[in-house]
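Please open the structure in your viewer and keep the selection panel at hand. The tour below goes from one stop to the next, saying what to select and what is found there.

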Amino acid sequence: MSVADVIAIVLISAGCFFFLAGTVGLLRLPDLFSRLHALTKADNLGLGLVAAGMAIYMANPWAALKLFFIWIFTLLASSTACYLISRFAREQAGVTANSGKEDER
Amino acid sequence: MNAMETYQIYLTASAVLFTTGLAGVFMARHFFRRIVATKIMGAGVFLSLVSFAERDALEFADPVPHAMVITGIVVAVSAAAFALALARRIHQLTGEHDFTTDS
Amino acid sequence: MSVWIDILLATLSVALAVRCLTAPTLAQCVFLFFAFGLTLALAWARLGAVDVAIAEAAIGAGFLGVLLIDALRDFAPAKEATVEDAEGYAAGGSAAEGSAAGVPLRAGRAALPLLPLAIAAVVFVLLTAEAVLNVRDGGGLTELAQENLARSGVDHPVTAVLLNYRSYDTWLEVGVVLIALLAIFAVGNGGTFARRDHVTHDPVLEPVSRILAPVLFLIGGFLLFLGKYEPGGAFQAAVLWGAMGILLYLAGWPVMTCLPRVWWQVLLTAGFGVFMLLGLAFMSGGGAWFEYPLAHAGNLILLIETLAALSIAAALTAIFAFFHEMHAPDATETPEK
């Protein structure tokens, strides 16, 4: 196993940890806004780390570029989706921070 | 018997999915859920087709079932979209969302 | 090791399907359906069906999921809390007592529907028996597809089947999408769209749509061209272009009214029409229906794929836009009795 493989494994494991943290946040945090926060922040970082690990593992600049763009566009899309969901929740569905009882049902 | 082949795993799953969907179609009331249930039935059928394609693989998996499934996915989504449009229209005009009133 | 990945994926897809059908609220049902579709896409990829994986993730989960979410506005408005839509299908039990699986199913009925369950059980047993007992390898049409690949005009077997060996299916499929669009229009107001001259300038969505729309167009074109050699092709491209249309529509651009109606009609029918005319042309030249001249097969397939992708993308955008406008806040139309 080469040094590159070890770095790739470390990066991908770290990425998986952040995905796990984001999922735990989604399940455990009390209201919509903090859940969105957990999802977008942790998962974007996790995806970035997984993509970086994959890029090193594949050792191919073309593939690395594709992975980089996948990450960038996912960042763009997920932050926009996060913004739209929270705007809708606040303005039209009347969700406020701390009104996080909806998962009790 | 040998260890389970990949296609056997997914073929079993496809049978369970088809049955789940079928039970859902009969047992769910809301239009919306029935449409989703038919989609799950369809997913079971597609999964079995692709599993057979994997079983018949030589250098590549059998492309004919793959093409059929791609066609099938598009047709199934078109049909589901039409069903959903009908359901929404019925709901808008009558306020109903299931068939219980006239059965 | 890898067997366990497959077992995990298969179990997960079944579990998600069951949860999806028994979810207490319609919103949960939709999002579990999303998750189900994406899990299934992973299963396709594991089975070596990358084309199918892209199509499933894009159309099966993505596009249909978007339509389902839009329909939620009718069936489960966001203002009323998410559980209120339970009353519609829980005739027997209140939302409070139907805490889990019982709610969406026929709680009001004393007896289970025995016949459907019996049929389901028989189907289940037969399919499982086929899966586990009937082990054989090789066969199918793989060999035939492989032998004729050199004469099909493309290098990717799935594209060869879709656009050459079985073009008849693909042609009719483009037709089915068109018919679905017309049927959906007929259910509503006949396919007229409110003119939106005014662009709603959302400070985030508008610039994002400016960035993402060209990217989606580019990647769609890339997939279309790639279909000749690798997984990709007309349907995958069509969904990306359709996604572009839907994104622009949602960002407030006047997508449905920017072109004159007749141009939309041309765009929507181009794929089906040109496909059919080409088929007739080959037939009048003495060949069979959709028997492409060998020398031009590759280019003809690319032409047909491009037009089919444009038509399907236009149809998907129009279906979504029409769905979106079905939920008219000023729903004062008189129901025709």
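Begin by selecting A:Ser86 together with A:Phe33 and A:Leu36, the residues that A:Ser86 touches once those up to four places away in sequence are left out of the count. Bear in mind, here and at every later stop, that this is a predicted model. If you colour the helices, you will see that A:Ser86 has its place in helix α3 of chain A, which covers residues 61–91. Is A:Ser86 buried or exposed? Its relative accessibility is 16%, and because buried means under 20% relative accessible area, A:Ser86 counts as buried. Now add A:Tyr83 to the selection and display the backbone, where the oxygen of A:Tyr83 lies 3.0 Å from a polar atom of the side chain of A:Ser86.

Next, widen the view to the whole of chain A, which has three helices and zero strands, so that reading from the N terminus you pass through the order α-α-α. Chain A holds 105 residues, of which 29% count as buried, and it exposes about 6700 Å², with carbon and sulfur atoms supplying 73% of that area. Where contacts in chain A link residues with a separation of 6 or more, 75% of them are between residues 24 or more positions apart.

Then select chain B, where you will again find three helices and zero strands, running α-α-α from the N terminus on. Among the 103 residues of chain B, buried residues make up 64%, while the exposed area of the chain comes to about 3500 Å², 64% of it supplied by carbon and sulfur atoms. For chain B, residues 24 or more positions apart account for 60% of the contacts with a separation of 6 or more.

Within chain B, centre the view on B:Ala87, which lies in helix α3, residues 63–94. B:Ala87 is buried, with a relative accessible area of 5%. Which residues are in contact with B:Ala87, when its neighbours within four places in sequence are left aside? Select B:Phe31, B:Ile35 and C:Phe75 to see them, and note that the last of these belongs to chain C. You may also draw a distance between the C-alpha atoms of B:Ala87 and B:Asp98, which are eleven residues apart along the chain and separated by 8.8 Å.

From C:Phe75, a contact of B:Ala87, move on to the interface itself by showing chain C and chain B together. The contact takes 96 residues from chain C and 72 residues from chain B, and the two chains bury about 7700 Å² between them, 75% of it on carbon and sulfur atoms. How many salt bridges are counted between chain C and chain B? The count is one, and you can find it by selecting B:Arg88 and C:Asp70, whose side chains meet at 2.8 Å, N to O. Six residue pairs are found in polar contact across this interface, with both residues at pLDDT 80 or more.

To finish, select helix α3 of chain C, residues 50–75, which gives the most to the side of chain C that touches chain B, with 16 residues. Colouring that side of chain C by residue class will divide its residues into 65 nonpolar, 16 polar and 15 charged.

Technical notes. Residues are numbered from 1 along each chain as its sequence is written. Chains are lettered from A and ligands numbered from 1 in the order in which they are written. This is a predicted model: local features need pLDDT of at least 70, side-chain atom pairs count only at pLDDT 80 or more; totals for chains, interfaces and linings use all residues. Side-chain values use heavy atoms; hydrogens and water are left out. Helices (H or I, at least four residues) and strands (E, at least two) are DSSP runs, numbered from the N terminus. Buried means under 20% relative accessible area, exposed over 50%, partly exposed in between (1.4 Å probe, protein chains only). Contact means heavy atoms within 4.5 Å. Accessible areas come from the Shrake-Rupley method with a 1.4 Å probe; for residues, only the protein chains shown count as cover. Buried area is the accessible area (1.4 Å probe) that two parts lose on being put together, summed over both. A salt bridge is a side-chain nitrogen of Lys or Arg within 4 Å of a carboxyl oxygen of Asp or Glu. A polar contact is a pair of N or O atoms within 3.5 Å; within protein, one must be able to donate a hydrogen and the other to accept it, and residues adjacent in sequence count only if both atoms are side-chain atoms. Ala, Val, Leu, Ile, Met, Phe, Trp, Tyr, Cys and Pro count as nonpolar, Asp, Glu, Lys and Arg as charged, and the others, Gly among them, as polar.
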